[in-house]
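Q: I am new to this structure and would like a close look at a single part, explained slowly and with its surroundings.

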Number of protein chains: 2
Amino acid sequence: MTPPLPEEYRHPPFDEDCAPRQLLRLLSGKWTTMILHSLHLLGGHARPTQLMRAIPGLSKKMMTQTLKELEQRQWVYRDIEQVMPPIVEYRLTELGQLFVEPIEMLYQWGIAHSEALNRAYSSEKP
Amino acid sequence: MTPPLPEEYRHPPFDEDCAPRQLLRLLSGKWTTMILHSLHLLGGHARPTQLMRAIPGLSKKMMTQTLKELEQRQWVYRDIEQVMPPIVEYRLTELGQLFVEPIEMLYQWGIAHSEALNRAYSSEKP
DNA sequence: CTGTATCCATCTGGATACTG
DNA sequence: CAGTATCCAGATGGATACAG
């Protein structure tokens, strides 16, 4: 009769590259989730100026940089009409829409627990 | 007959301090979610050495620092027995258990979509 | 309107050595 | 075993000015 494994060994340790860690990395940018969430709310597509207006505090630089990353991941598609001035629109891809799922879960939880969050927030500030 | 508001104005903008943003800030540390998730898996309490073994890559410094933050937020309670060497145990508080919820949601989503995450990961590395 | 290029302050977190 | 103190490199991101 072997004794049961210590509790801590019943679950595999967190591999450096395990799925949850990857997810956290992918969502870790300061503006990543907000941009994706906004695109989602705006029907899956938006123009840069629209995003700037929708997300207070977002700078042009960080928006461009974040969107470029998302484009490389193929989470968004950049639709450009080469006129002057150019007309650009960013669209969530199918892959992007997939990763919007966990983001929306987070946002909804946050809204549902805004009271606890506000308490946490006020005691953090000082 | 007033025309409908443009899509982007149907939803309130993201206030700097809106609940979802606060949640993201609270979970943003590199090790925060992993430590909370581990505490949860380990039954809500663990000793420092246990956590170090459970989370590859975590340094003593970052563990201590993160746990101290969590203690200040009252997400964990530090139980210390003043002997030599000291016996310390960290326990999730009720508040901490509340915030474990969204973390577990994220982790579960990550595990369920590990295939997509691995694809995303391999194309990021280069 | 959209995107680029610099410059620069700050934050993050890892390595190491040391104390009780 | 648990925690602290330094030091330091690299990432992060904001401000500003410029270009197509």
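Which element gives the most to the surface near DNA strand D? Please set that surface in its context, with the contacts to the DNA, the other strand and the parts of the protein around it.

A: What follows describes a predicted model. The element that gives the most to the surface near DNA strand D is α4(B), with three residues.

That surface can be looked at as a whole before its single contacts are taken up. DNA strand D is surrounded by 17 residues, and the closest of them come from both protein chains, namely K30(A) and K61(A) from chain A and T49(B), K60(B) and R78(B) from chain B. By class, nine of the residues of this surface are nonpolar, two are polar and six are charged. On the side of the DNA, 59% of the atoms of strand D within 4 Å of the protein belong to sugar or phosphate, while the rest belong to bases.

Several side chains of chain B can be followed to the phosphates of this strand. R47(B) has a polar side-chain atom 2.8 Å from a phosphate oxygen of DNA strand D, and for K68(B) the corresponding distance to a phosphate oxygen of DNA strand D is 3.1 Å. Y90(B) also takes part, with an N or O atom of its side chain 2.9 Å from a phosphate oxygen of DNA strand D. Taken by elements, two or more residues of the surface near DNA strand D come from each of α4 (60-72) of chain A and, in chain B, α3 (48-54), α4 (60-72) and β3.

The other DNA strand can be described in a similar way. Around DNA strand C there are 17 residues, of which the closest are T49(A), K60(A), R78(A), K30(B) and K61(B). Of the atoms of DNA strand C that come within 4 Å of the protein, sugar and phosphate make up 57%. A polar side-chain atom of K68(A) is 3.3 Å from a phosphate oxygen of DNA strand C, and chain B reaches this strand as well, with a polar side-chain atom of K30(B) 2.5 Å from a phosphate oxygen. In W31(B), an N or O atom of the side chain lies 3.2 Å from a phosphate oxygen of DNA strand C. Here the elements that contribute two or more residues are α3 (48-54), α4 and β3 of chain A, together with α4 of chain B. Near DNA strand C, the element that gives the most is α4(A), with three residues, and the residues of that surface divide into nine nonpolar, two polar and six charged.

The relation between the two protein chains is the next part of the picture. Chain B is superposed on chain A by a rotation of 180° with 0.0 Å of shift along its axis, at an RMSD of 0.0 Å. The two copies are thus related as by a two-fold rotation axis. Within chain B, S28(B) has the C-alpha nearest the axis, at 3.5 Å from it.

Strand β3, which was named among the elements near the DNA in both chains, also takes part in salt bridges, of which a search of the whole structure finds six over all chains. In chain A, one of them joins R91(A) to D79(A), with the closest N and O atoms 3.5 Å apart. R91(A) lies in strand β3 (residues 87-92) and D79(A) in strand β2 (residues 76-81), so this pair ties together parts of chain A that are twelve residues apart in sequence. R91(A) is partly exposed at 33% relative accessibility, and D79(A) is also partly exposed, at 30%. R91(A) forms a further salt bridge with E89(A), at 2.8 Å from N to O, and E89(A) is buried, with a relative accessible area of 18%.

In chain B, D79(B) and R91(B) form a salt bridge whose closest N and O atoms are 3.6 Å apart. Because D79(B) lies in strand β2 and R91(B) in strand β3 of chain B, this pair ties together parts that are twelve residues apart in sequence. D79(B) is partly exposed, with a relative accessible area of 30%, and R91(B) is partly exposed, with 31%. Back in chain A, salt bridges with shared partners join D79(A), E89(A) and R91(A) into one network.

Terms used
Residues are numbered from 1 along each chain as its sequence is written. Chains are lettered from A and ligands numbered from 1 in the order in which they are written. This is a predicted model: local features need pLDDT of at least 70, side-chain atom pairs count only at pLDDT 80 or more; totals for chains, interfaces and linings use all residues. Side-chain values use heavy atoms; hydrogens and water are left out. A salt bridge is a side-chain nitrogen of Lys or Arg within 4 Å of a carboxyl oxygen of Asp or Glu. Helices (H or I, at least four residues) and strands (E, at least two) are DSSP runs, numbered from the N terminus. Buried means under 20% relative accessible area, exposed over 50%, partly exposed in between (1.4 Å probe, protein chains only). A residue is near a molecule or strand if one of its heavy atoms lies within 4 Å of it. A polar contact is a pair of N or O atoms within 3.5 Å; within protein, one must be able to donate a hydrogen and the other to accept it, and residues adjacent in sequence count only if both atoms are side-chain atoms. Ala, Val, Leu, Ile, Met, Phe, Trp, Tyr, Cys and Pro count as nonpolar, Asp, Glu, Lys and Arg as charged, and the others, Gly among them, as polar. Copies are superposed by least squares on the C-alpha atoms of residues with pLDDT of at least 70 in both.
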